[in-house]
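Me: Please take a close look at a single part of this model, the nonpolar core, and then relate the rest of the chain to that part. A formal, connected account would suit me best.

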Amino acid sequence: MITIESARVRFASTEGGAPMVALADVSLTIARGEFLCILGPSGCGKTTLLKAMMGLVPLDSGQIRIGSHAVTGPGADRAMVFQNYALLPWADVTANIAFGLELRGASREECARQAAHWIKAVGLGGFEHHLPRQLSGGMQQRVGLARALAVEPEILLMDEPFGAVDAQTRRLLQEDLLDLMQRSGKTVVFVTHSMEEAVLLGDRVALMSPRPGRVREVIEVGLTRPRTASVEREPRFTELKEYLWERLRAMRDEAADA
Ligand SMILES: Nc1ncnc2c1ncn2[C@@H]1O[C@H](COP(=O)(O)OP(=O)(O)O)[C@@H](O)[C@H]1O
Ligand SMILES: [Mg+2]
């Protein structure tokens with residue numbers, strides 16, 4: 001279980017003015033094996049919250065715990081998939097996927113074995129020795145996903161991983177992720193600004209609002225799994241999407257009034 005208790009993060013302002021509050025008093029618990037989506041407009045602190053869970057951004061106050069352990073930095077129990085892929089440009093697909101394992105001191109054989117396994121799992125067979133720049137955006141994101149999964153984390157933190165790819169590719173990646181995760185029992189925290197994506201993937205959706213970043217509401221999705229494309233034809237899917245849209249629009253009106 002991940003427990004976030006009154007997490008607060010401020011960033012120093014560049015002009016020497018008052019610090020900006022990126023996260024104000026965020027509390028949230030995420031069950032083991034849950035798929036939680038975090039949805040909210042740009043600038044509401046989604047990336048900051050994910051980085052705080054990863055241990056890359058320190059809290060000003062509050063606490064984040066994994067089980068009974070307070071997060072004080074990155075750890076082998078967590079892996080992150082970044083929005084902009086963050087691949088090593090000079091390393092081929094195999095080396096990029098093995099990178100995290102190498103850092104953790106895995107043997108050469110273990111790295112090669114795991115890389116081969118995950119290349120197959122994410123559908124990149126035949127591209128083992130391609131460099132990132134020789135791959136499409138969708139393929140690069142598959143490498144990012146495989147790199148994160150290769151270290152076998154209990155918790156996968158994904159920051160708008162499919163934000164930069166075209167609609168068809170996004171669809172395929174979503175289906176593959178559902179397929180991989182439905183069998184894994186991993187805990188996933190998935191940041192998105194897409195209402196459809198949040199409802200399609202999540203067990204729950206945490207809705208955030210900006211200035212300062214807060215979790216406004218947590219919504220139970222309640223659609224059955226395994227989820228396939230047909231889930232989008234269920235009335236519950238449309239109902240949830242419309243509800244989320246109303247809530248996001250209300251936030252925008254609040255911001256305009258402020
Ligand atoms: N390293 C940083 N230094 C200063 N301000 C930052 C930093 N990272 C994020 N911020 C600010 O904190 C707020 C939340 O950012 P972020 O977590 O990236 O939002 P989101 O991912 O929801 O778009 C934004 O106003 C952003 O400009
Ligand atoms: Mg972000």
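Reply: Leaving aside residues up to four places away in sequence, Val189 touches Ile30, Leu36, Ile38, Leu50, Met53 and Leu157. The model is a predicted one, and Val189 belongs to its largest nonpolar core, a set of 66 residues. Val189 is listed there among the residues with the most contacts inside the core, together with Ile38, Met53, Ile97, Ala146 and Val205. Two of these, Ile38 and Met53, are also direct contacts of Val189. The element that gives the most to this core is helix α4, residues 137–150, with seven residues.

Helix α7 offers a contrast to that interior. Of its 23 residues, the number buried is two, so α7 lies largely in the open. The helix runs over residues 235–257 and reaches 33 Å from its first C-alpha to its last, close to the 33 Å expected at 1.5 Å a residue.

The ligand site can be described next. Around ligand 1 stand Phe11, Met20, Ala22, Gly40, Ser42, Gly43, Cys44, Gly45, Lys46, Thr47, Thr48 and Gly213. By class, this shell has four nonpolar, seven polar and one charged residues. Strand β2 (20–30) and helix α1 (46–54) each supply at least two residues of the shell, and α1 gives the most, with three residues. Ile30, a contact of Val189, falls within the span of β2; Leu50 and Met53, two further contacts of Val189, fall within the span of α1. Thus β2 and α1 supply residues to the ligand shell and also hold contacts of Val189.

Some backbone features deserve separate attention. Most residues other than glycine have a negative phi, and most peptide bonds are trans. Against that background, a cis peptide bond joins Arg211 and Pro212, with omega about -5 degrees. Pro212 is placed in the loop between β9 (204–209) and β10 (214–220). Gly213, from the shell around ligand 1, follows Pro212 in that loop. The bond from Arg225 to Pro226 is likewise cis, with omega near -5 degrees, and Pro226 lies in the loop between β10 and α7.

Positive phi values occur at Ser6, at about 45 degrees, and at Glu160, at about 40 degrees; neither residue is a glycine. Ser6 is found in strand β1, residues 2–11, and is partly exposed, because 13 other C-beta atoms lie within 10 Å. Glu160 sits in the loop between β7 (155–159) and α5 (167–184). This residue has 21 other C-beta atoms within 10 Å, so Glu160 counts as buried.

The loop between β7 and α5 also holds Asp166. With 11 C-beta neighbours inside 10 Å, Asp166 counts as exposed, whereas Glu160 is buried. The C-alpha atoms of Asp166 and Gly138 are separated by 8.0 Å, although these residues are 28 residues apart along the chain. Gly138 falls within the span of α4, the helix that gives the most to the core.

Finally, the confidence of the prediction should be kept in view. The mean pLDDT of the chain is 92, and 100% of its residues reach 70 or more. Confidence is lowest in α5, at a mean of 87, and highest in strand β4 (residues 61–66), at 98.

Key:
Residues numbered from 1 in each chain as written. Chains lettered and ligands numbered in written order. Predicted model: local features only at pLDDT ≥ 70, side-chain atom pairs only at ≥ 80, totals over all residues. Helix = DSSP H or I, 4+ residues; strand = E, 2+ residues; numbered from the N terminus. Expected span 1.5 Å × (residues − 1). Buried ≥ 20, exposed ≤ 12 C-beta atoms within 10 Å, placed from the backbone. Core = buried A, V, L, I, M, F, W, Y, C linked by C-beta atoms within 7 Å. Contact = placed C-beta atoms within 7 Å. Near = placed C-beta within 6 Å. Nonpolar A, V, L, I, M, F, W, Y, C, P; charged D, E, K, R; others polar. pLDDT = per-residue confidence, 0-100.
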